[in-house]
Amino acid sequence: MRYEVKLKLTYSYDAPTDHARNLLRVLPSDILGVQRVSSRLLSFDPPPSERRDQVDFFGNATTSVVWHEPLAEIGVELVAQVDRAAAEPGLDLSSPLSELPAEIAQVRSLGPDAPHHYLAASRRAGPTREMTAFAQALLQPGMTARAAIEAVGRALHREMKFDAEATDVDTPAAEAFANRHGVCQDFSHIMISCLRGVGIPAAYVSGFLRTYPPPGQPRLEGADAMHAWVRAWAGAETGWVEFDPTNDQFAGDDYITVGYGRDYDDVPPLRGAMRGAGGQESAQAVDVIPLE
């Protein structure tokens, strides 16, 4: 599938801010065998005094911007065309879960795709005793790694309730799990914590998701969203698979990846600092438009 992705972010301030500095991770990049980006443009209004585009350790495109003049509002706009080739996985040829520790030990690379980076607890994703026990109760003798990943993701979808008002960006995964409420970020952090607790390397994925209007209803401009899902390592033969516990499915060609990390802290769309007074308001609009 080929998509045009549009993202608009607006930040308005009660009083002009000074020396604003931001780091963005919103640009999709090429991923071999998964997606190809034919064009991408990230623009700012007003234009920043300084801009630097780089790639971080995990291979994610980053954009650092600085404004030296006072600002009452900042506008960010992304336009990209992306071909997404990834499809849901076919036959399960992944390793038995019991063999996964030995296969992880045999991986000698410490590059960004190495499973070693995604086993231990990170700041936002466990494991914790409660989430590990939840995952262990789902495992069966002889289960493959991919079957275990799917079982945990589907169980969380059944147990959790999507509730945009229940959590915020700083809510701990353990709290969201205890209350069984949250958004895609919470679903993903909880699934990562569960998988790490049973020895499955798991990563956080940030990106865009094409959404569908209700039957008979027109598609609303700006109604799509940035999204989060999970990437888990299913052994040397299968490698990484991606599952979306929020929507109870493997990530397919409706998903456009922006970045990978150990948790949200590695791939926030925007992070920054400024000097000012008063409050601020923000708005976001996303469109994922199929072109064929």
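Cysteine 184 is where I'll start. At 14% relative accessibility it counts as buried. This is a predicted model, so keep that in mind throughout. The disulfide count comes to 0. For cysteine 184, the nearest cysteine sulfur belongs to cysteine 194, and it is 17 Å away. Seen from the other end, cysteine 194 has its closest cysteine sulfur in cysteine 184, and 17 Å is too far for a bond, given that a disulfide needs the two sulfur atoms within 2.5 Å. Cysteine 194 is also buried, at 0% relative accessibility.

Next, helix H5, residues 184-197. How many of its 14 residues are buried? The count is 13, so the helix is mostly covered. From its first C-alpha to its last, H5 reaches 20 Å, which is close to the 20 Å expected at 1.5 Å a residue. After H5 comes glycine 199, with a positive phi near 85 degrees.

What does H5 lie across? The helix lies across strand E8, residues 202-209, together with E9 and E10, and it runs at about 5 degrees to E9.

That brings us to the sheet. It is open and has 5 strands, in the order E11-E10-E9-E8-E12, with antiparallel pairing. Strand E11, at 249-250, and strand E12, at 255-261, stand at the edges; each has a single partner strand, so one side of each has no neighbour in the sheet. Helix H3, residues 145-159, packs on this sheet and touches E9, E10 and E11. The direction of H3 makes about 15 degrees with that of E10.

Inside the sheet, take the pair E9 and E10. Strand E9 covers residues 225-233 and strand E10 covers residues 240-244; they run antiparallel and are joined by 4 bridges. Arginine 231 stands opposite glutamate 242 in E10.

Just past that pair there is a backbone point to check. Aspartate 248, in the loop between E10 and E11, has a positive phi of about 60 degrees, although it is not a glycine. This aspartate is partly exposed, with a relative accessible area of 25%.

Now helix H2, residues 129-136. Which residues of H2 are buried? Met131, Thr132, Phe134 and Ala135 are. Viewed down the axis of H2, the buried residues fall within an arc of 155 degrees, so they line one face of the helix. Their cover includes H3, helix H4 at 173-179, and H5. H3 and H5 have already come up with the sheet: H3 packs on it, and H5 lies across three of its strands, E8, E9 and E10.

Ahead of H2 there is a cis peptide bond, between glycine 126 and proline 127, with omega about 20 degrees. Proline 127 sits in the loop between helix H1, residues 100-106, and H2.

Where else is there a cis peptide bond? From aspartate 45 to proline 46, where omega is near 0 degrees. Proline 46 is in the loop between strand E2, at 35-45, and strand E3, at 50-55.

One last backbone item. Histidine 19 is placed in strand E1, residues 2-24. Its phi is near 55 degrees, a positive value in a residue other than glycine. Is histidine 19 buried or partly exposed? It is partly exposed, with a relative accessible area of 41%.

For anyone looking through the model afterwards, the backbone spots to open are histidine 19, aspartate 248, and the cis bonds leading into proline 46 and proline 127.

Conventions:
Residues numbered from 1 in each chain as written. Predicted model: local features only at pLDDT ≥ 70, side-chain atom pairs only at ≥ 80, totals over all residues. Heavy atoms only, no water. Pairing = 2+ DSSP bridges. Helix = DSSP H or I, 4+ residues; strand = E, 2+ residues; numbered from the N terminus. Contact = heavy atoms within 4.5 Å. Axes fitted to C-alpha atoms, helices over the stretch in contact; angles between N-to-C directions. Buried < 20%, exposed > 50% of the residue type's maximum accessible area, 1.4 Å probe, protein only. Expected span 1.5 Å × (residues − 1). Arc of directions from axis to C-beta.
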